[in-house]
Amino acid sequence: MDIQIMKEYLPLYIDALWLTLKIGLLGIVLSLVVGVFTALFRFYKIPVLDKLSGAYIELFRNTPLLVQLFFLYFALPRIGIKMDAATCGVLGLTLLGGAYMAESIRSSLEAIDKIQTDSALALGMNRRQVMTKVVLPQAISISIPSIVANVIFLLKETSVFSAISLMDLMFTAKDLIGLYYKTVEALALLVIFYLIILLPVSFLGDYTERRLSYARSGN
Amino acid sequence: MQDPGISVLFKGSNFIRLLEGLSIALRISFLSVVISLLLGFFIGVLISGKNRFLKIVYGIYLNTVRIMPQMVLLFIVFFGSTRVLGINIDAEVSSIIVFAFWGSAEMADLVRGAIKSIPVHQFESAASLGMKKRTIYLKIILPQTLRRLVPSSINLVTRMIKTTSLVMMIGVVEVLKVGQQIIEANRTTSPNIAFWMYGTVFLLYFIACFPISRLSKSLEEKWKLA
Amino acid sequence: MEDSILKIDDLKKRYGKDTVLNGITLSVSEGEVLVILGPSGCGKSTLLRCLNGLETIEGGSVRFKDEIVNDENGVSSDITELRQKIGMVFQNYELFPHLTVFQNVMLAPTTVCGRDKKEVEKEALTLLEKVGLSEKKDFYPSKLSGGQKQRVAIVRALIMHPEVLLFDEVTAALDPEMVREVLEVMLSLAEQGKTMVIVTHEMAFARAVADKVILLDGGVIVEEADPETFFTHPKSERAKAFLEGFSYERVKGKKSIKKGA
């Protein structure tokens with residue numbers, strides 16, 4: 001392995017890392033927002049929105065991100081909707097992630113006993129207060145392990161961004177392999193950089209899972 | 001839009017080619033699934049034993065495939081093998097190796113979970129009814145284990161099918177790639193084909209995955225309280 | 001009754017085709033303690049839940065003072081205000097598991113009434129002190145025993161200054177040794193002259209605390225009397241049978257409590 005070459009390539013990888021992180025984190029935050037709303041539409045069975053949300057969730061959970069990105073980036077411009085690659089990346093990740101987050105949050109909402117709502121109502125809270133102060137905080141904390149799992153999943157999914165010519169880690173690695181045949185070095189850097197992104201989240205996942213199951217066993 | 005472009009989809013053998021592309025993706029996932037089920041079951045039983053060394057090795061294995069994007073693993077096997085081992089592994093074979101490697105780890109984890117969940121008191125209460133060991137395994141333990149295992153294994157299949165979309169990135173001519181080729185060939189005559197093409201590929205994947213994930217979910221619901 | 005706080009008039013409640021409550025007429029006056037007895041599945045808990053609009057009703061009405069809480073047209077549009085005056089304590093405590101004891105008590109007065117935080121804090125501490133739980137104020141509910149949780153739940157209801165308190169089998173989920181600590185809190189509330197409606201299976205407690213006892217069976221009131229008369233000279237055959245078969249009924253009641261709650 002040629003360490004000198006790896007040092008030379010390092011800045012390229014760092015640039016790519018930032019791009020991946022920027023798009024990844026933005027997509028994840030937005031997917032949480034989409035997920036919460038979609039989950040609420042489903043949970044409260046709000047007419048029309050409930051059905052739409054259901055269709056959206058199934059559609060995006062049952063298709064690969066790569067195909068979704070191709071549709072956003074190459075197909076939509078044909079009917080006049082043009083977005084740059086980074087926007088497509090964020091949007092794609094948001095739509096995919098939103099569908100997964102929605103299911104995590106909805107199942108947590110359903111896990112909370114209806115009588116918790118009753119007891120909050122009995123204290124004179126209105127529907128909105130019951131949701132924001134009592135039900136949602138509990139649902140979020142129950143769903144943290146699966147939200148973290150989704151975050152890991154979404155960060156891994158960012159590896160297809162190169163397909164819509166975003167200069168992410170995969171793109172950089174492929175470039176180096178194709179142009180200079182520095183395969184081993186390129187792949188080693190690729191692995192190292194994905195570890196930098198994913199190891200901390202993975203540890204966070206293990207930690208929250210243990211902490212939460214501890215809290216549950218205390219009951 | 002004068003030419004909606006949708007006609008290109010059905011021109012000549014285009015749609016057949018598209019389905020052939022899909023069948024390649026499905027073939028890769030089918031082979032990977034079969035290998036994963038067999039290997040994963042074997043590994044899962046193995047690590048449910050007492051050998052600590054095996055458990056540690058498996059722990060590293062599972063965490064590796066969980067942390068590394070499949071895309072990265074694909075690159076390592078496809079590009080790395082040529083370079084390091086000096087052998088040229090075909091893109092489709094590379095894909096199957098990677099997906100089976102990943103799937104076996106996941107499957108083994110499911111098997112381990114199912115074995116761990118075998119309720120000891122169920123064993124005891126069956127024994128106290130005077131059942132023979134063999135009967136207990138066949139009639140009590142196995143059905144309960146399978147009820148846990150089957151829905152999540154089916155779910156693994158849909159994950160696998162979706163992941164096969166990645167293989168185009170290392171040059172396998174599957175449905176997305178075929179779509180691209182058809183678009184290229186008709187770019188000048190019907191530029192809007194891209195919309196219809198990628199929309200169709202989108203739907204094809206949905207049609208392949210949706211029934212399977214539905215099946216997994218309904219089995220899970222059906223067997224939940226049992 | 002000029003000073004009645006709760007007035008229930010010919011209340012009817014159905015679940016689909018099942019009639020759960022079939023014409024209940026009752027009133028609770030200021031400072032009165034009403035105990036509702038009855039076999040499991042007789043609709044006691046449902047009746048309680050109709051009183052603060054957690055259940056809709058198909059006929060009759062529930063009034064708090066002169067205001068309609070609940071009638072066949074649905075639950076009052078001012079229900080959140082009304083519920084602040086009608087406190088309720090549940091069988092399984094229903095503390096909010098994501099909040100500490102103190103936060104549980106503080107939540108409603110600060111968010112619902114917008115009361116001054118300092119003043120509520122002081123009151124919360126005093127109330128927790130009274131039930132012997134001020135040291136546990138920063139604990140999460142999961143770290144408390146059932147009896148402690150239920151005492152917190154009572155404090156959580158009390159801090160809203162309700163004019164009437166509803167207790168729904170509040171000791172039914174408790175281990176026997178914890179029942180007393182909760183009942184004692186309730187007895188002291190009765191001594192202070194709080195208006196209460198209590199659904200319970202604890203006969204000795206009922207006799208000690210009640211001003212009026214009703215026996216509910218088959219969705220109707222079969223006996224209504226002061227506690228002495230009720231427990232010593234019940235008029236109806238049903239009440240006699242209920243009291244005679246008491247220990248048996250009680251076991252059955254306990255067993256099916258989870259379902260009925």
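Student: How much area do chain A and chain C bury between them?
Tutor: Buried area is the accessible area (1.4 Å probe) that two parts lose on being put together, summed over both. The size of an interface is often given in this way. Carbon and sulfur atoms hold 62% of the area between chain A and chain C. The total is about 1900 Å².

Student: What kind of model is this?
Tutor: Residues are numbered from 1 along each chain as its sequence is written, chains are lettered from A and ligands numbered from 1 in the order written, and side-chain values use heavy atoms, without hydrogens and water. Local features need pLDDT of at least 70, side-chain atom pairs count only at pLDDT 80 or more, and totals for chains, interfaces and linings use all residues, since the model is predicted.

Student: Which residues of chain A lose the most area to chain C?
Tutor: Stay on the side of chain A. Three residues together account for 30% of what that side buries. They are A:I115, A:A122 and A:L123.

Student: How many residues does each chain bring to the contact of chain A and chain C?
Tutor: Contact means heavy atoms within 4.5 Å. Count each side on its own. Chain A gives 20 residues and chain C gives 24 residues.

Student: Which residue of chain A forms a salt bridge with C:R49?
Tutor: A salt bridge is a side-chain nitrogen of Lys or Arg within 4 Å of a carboxyl oxygen of Asp or Glu. The count between chain A and chain C is one. Its closest N and O atoms are 2.8 Å apart. The partner is A:D118.

Student: Which element of chain A gives the most to the side that touches chain C?
Tutor: Helices (H or I, at least four residues) and strands (E, at least two) are DSSP runs, numbered from the N terminus. At least two residues each come from α5 (114-122) and α6 of chain A. The top giver supplies eight residues, and that is α5(A).

Student: How do the residues on that side of chain A divide?
Tutor: Ala, Val, Leu, Ile, Met, Phe, Trp, Tyr, Cys and Pro count as nonpolar, Asp, Glu, Lys and Arg as charged, and the others, Gly among them, as polar. Sort the side of chain A that touches chain C. The result is nine nonpolar, eight polar and three charged.

Student: C:R49 has another partner, C:E55; are the two buried or exposed?
Tutor: Their side chains meet in a salt bridge of 2.8 Å, N to O. Buried means under 20% relative accessible area, exposed over 50%, partly exposed in between (1.4 Å probe, protein chains only). C:E55 and C:R49 are both buried.

Student: Which two chains have the most contacts?
Tutor: Two pairs of chains touch. Chain B and chain C do not; their nearest C-alpha atoms are 17 Å apart. The most contacts are between chains A and B.

Student: How much area is buried between chain A and chain B?
Tutor: The contact takes 40 residues from chain A and 37 residues from chain B. Carbon and sulfur atoms give 75% of the area. The total is about 3500 Å².

Student: Which residue of chain B forms a salt bridge with A:E103?
Tutor: The rule finds three salt bridges across the interface of chain A and chain B. In this one, the closest N and O atoms are 3.5 Å apart. The pair runs from helix α4 of chain A to helix α9 (residues 193-223) of chain B. The partner is B:K217.

Student: Why does A:E103 count as buried, and B:K217 as partly exposed?
Tutor: Relative accessible area decides the label. B:K217 is partly exposed because its value is 33%. A:E103 counts as buried because its value is 13%.

Student: Which residues are linked with A:E103 in a network of salt bridges?
Tutor: Look on both sides of the interface. Chain B supplies B:R214 and B:K217. Chain A adds A:E58, A:R106 and A:E110.

Student: How many helices does chain A have?
Tutor: There are zero strands in chain A. From the N terminus on, its elements run α-α-α-α-α-α-α-α. The helix count is eight.

Student: What share of chain A counts as buried?
Tutor: The C-alpha atoms of chain A fill a box of roughly 70 × 50 × 25 Å, along the principal axes. Chain A has 219 residues. The buried share is 54%.
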